[in-house]
Amino acid sequence: MRQLVVLACCLGLPSGPLSLASAQDDPRQSPYFAVPELRQLMEWATLQVTFDAGSLVPDMAAGEYKPTVTGTPRFEPGLRGQALVAGDGSGAGIYPRAGNATFDTQGAVALWICPVAWTHVLGGNTIFTVTTNSTFYMQRQGPWYEGASLKRQEGVQFLLFNKTVGNGSLMYGTRDWPLGQWRLLVANWSWPTMSCSLDGGEFQSGTIKGKPRAEDFGAILIGANGGEKTLVDEVTFFRRPLSTAEAKALYEALCPR
């Protein structure tokens, strides 16, 4: 990726992301280039990690691209190429926030998840992506029962925890999700509004009390060793929210048939 940026400077081309296809792929074969609406959307992308080569190195990054690796990351077949194993003792990657995610203003993240070993009686939380100071979360919350009493609902969540402007939470229940099925999650933020879409559907939304500050957010962590085994794939951050039409286009371009 760094070589591509240097080449852009030499040729007098616009700086920033030049390709959203894996270095091992022909960009013309990428689904992000095959759909005109997605080609336009990717001009707003700041960080994309597809794991296609069994690696945590981003396919593109507007900021620093070299991740810090924690634990022992594992990869299995995903939507295209490889996917990252989250939970089940696997590892994660930490990416600098500067340039790669605009958490304090507006933006979006799109990612695909596939339940592998989710239970519906007791299960810990499985993180898909989170900031290192535990402010911004995309995760699956496992259920918690005490006897026959349900103490904690299960679901995938978009969460904001902030001492100054309050907390925000959006969730989709997962009790009826079949194992082995890929689902697309898109989270938007344009503070004080936050919203979330599942499988390219309409966004559900909520609000917080105000606008968080840049210093409220840490670096970007993708993956986790705790929780129940889940595959995570095609993680992309954007510097603006996505429309429902764009979320639908992402879903239709990559959804397994």
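Here are four short exercises, each with a worked solution, on a predicted model.

**Exercise 1. Get your bearings: how many helices and strands does the protein have, and what share of its residues is buried?**

Step 1. Start with the secondary structure: four helices and 18 strands are found in the protein.
Step 2. Turn to burial. Of the 257 residues, 51% are buried.
Step 3. Now look at the outside, where the accessible surface is about 11300 Å² and 52% of that belongs to carbon and sulfur atoms.
Step 4. Finish with the contacts. Taking those between residues at least 6 apart in sequence, 66% join residues at least 24 apart.

**Exercise 2. Follow strand E18: is Thr230 buried or exposed, and which side chain makes a polar contact with the side chain of Thr230?**

Step 1. Locate the residue: Thr230 belongs to strand E18, which covers residues 230-238.
Step 2. Apply the cut-off. Buried means under 20% relative accessible area, and Thr230 has 0%, so it counts as buried.
Step 3. Look for polar partners. The Thr230 side chain makes a polar contact with the side chain of Trp118 at 2.8 Å, and it also reaches the backbone oxygen of Glu228 at 3.0 Å.
Step 4. Add the wider surroundings: beyond four places in sequence, Thr230 touches residues including Leu84, Ile113, Cys114, Trp118 and Phe128.

**Exercise 3. Stay in strand E18 with Glu234: which side chain makes a polar contact with its side chain?**

Step 1. Glu234 also sits in strand E18.
Step 2. Its relative accessibility is 2%, and therefore Glu234 counts as buried.
Step 3. The partner is Tyr32, whose side chain makes a polar contact with that of Glu234 at 2.6 Å.
Step 4. Tyr32 is also among the residues that Glu234 touches, as are Gln48, Asp52, Arg80, Trp112 and Leu254.

**Exercise 4. Go from core to surface: which residues have the most contacts inside the largest nonpolar core, and which residues form a nonpolar patch on the surface?**

Step 1. The largest nonpolar core has 38 residues, and Val109, Ile113, Met138, Phe158 and Phe237 have the most contacts inside it.
Step 2. Take Val109 as an example: outside its neighbours within four places in sequence, its contacts include Phe136, Met138, Leu185, Trp189 and Phe237.
Step 3. A separate second core has 25 residues, among them Tyr32, Leu79, Trp112 and Cys114.
Step 4. On the surface, Val121, Leu122 and Trp144 form a nonpolar patch with about 310 Å² of accessible area together.
Step 5. Within this patch, Trp144 lies in strand E10 (residues 144-146). Its relative accessible area is 39%, so Trp144 is partly exposed.

Key: Residues are numbered from 1 along each chain as its sequence is written. This is a predicted model: local features need pLDDT of at least 70, side-chain atom pairs count only at pLDDT 80 or more; totals for chains, interfaces and linings use all residues. Side-chain values use heavy atoms; hydrogens and water are left out. Patches are made of residues with over 30% relative accessible area and no salt bridge: like charges are joined within 9 Å, nonpolar side chains (Val, Leu, Ile, Met, Phe, Trp, Tyr) within 5 Å. Accessible areas come from the Shrake-Rupley method with a 1.4 Å probe; for residues, only the protein chains shown count as cover. A salt bridge is a side-chain nitrogen of Lys or Arg within 4 Å of a carboxyl oxygen of Asp or Glu. Helices (H or I, at least four residues) and strands (E, at least two) are DSSP runs, numbered from the N terminus. Buried means under 20% relative accessible area, exposed over 50%, partly exposed in between (1.4 Å probe, protein chains only). A polar contact is a pair of N or O atoms within 3.5 Å; within protein, one must be able to donate a hydrogen and the other to accept it, and residues adjacent in sequence count only if both atoms are side-chain atoms. Contact means heavy atoms within 4.5 Å. A nonpolar core is a set of buried Ala, Val, Leu, Ile, Met, Phe, Trp, Tyr and Cys residues joined through side-chain atoms within 4.5 Å.
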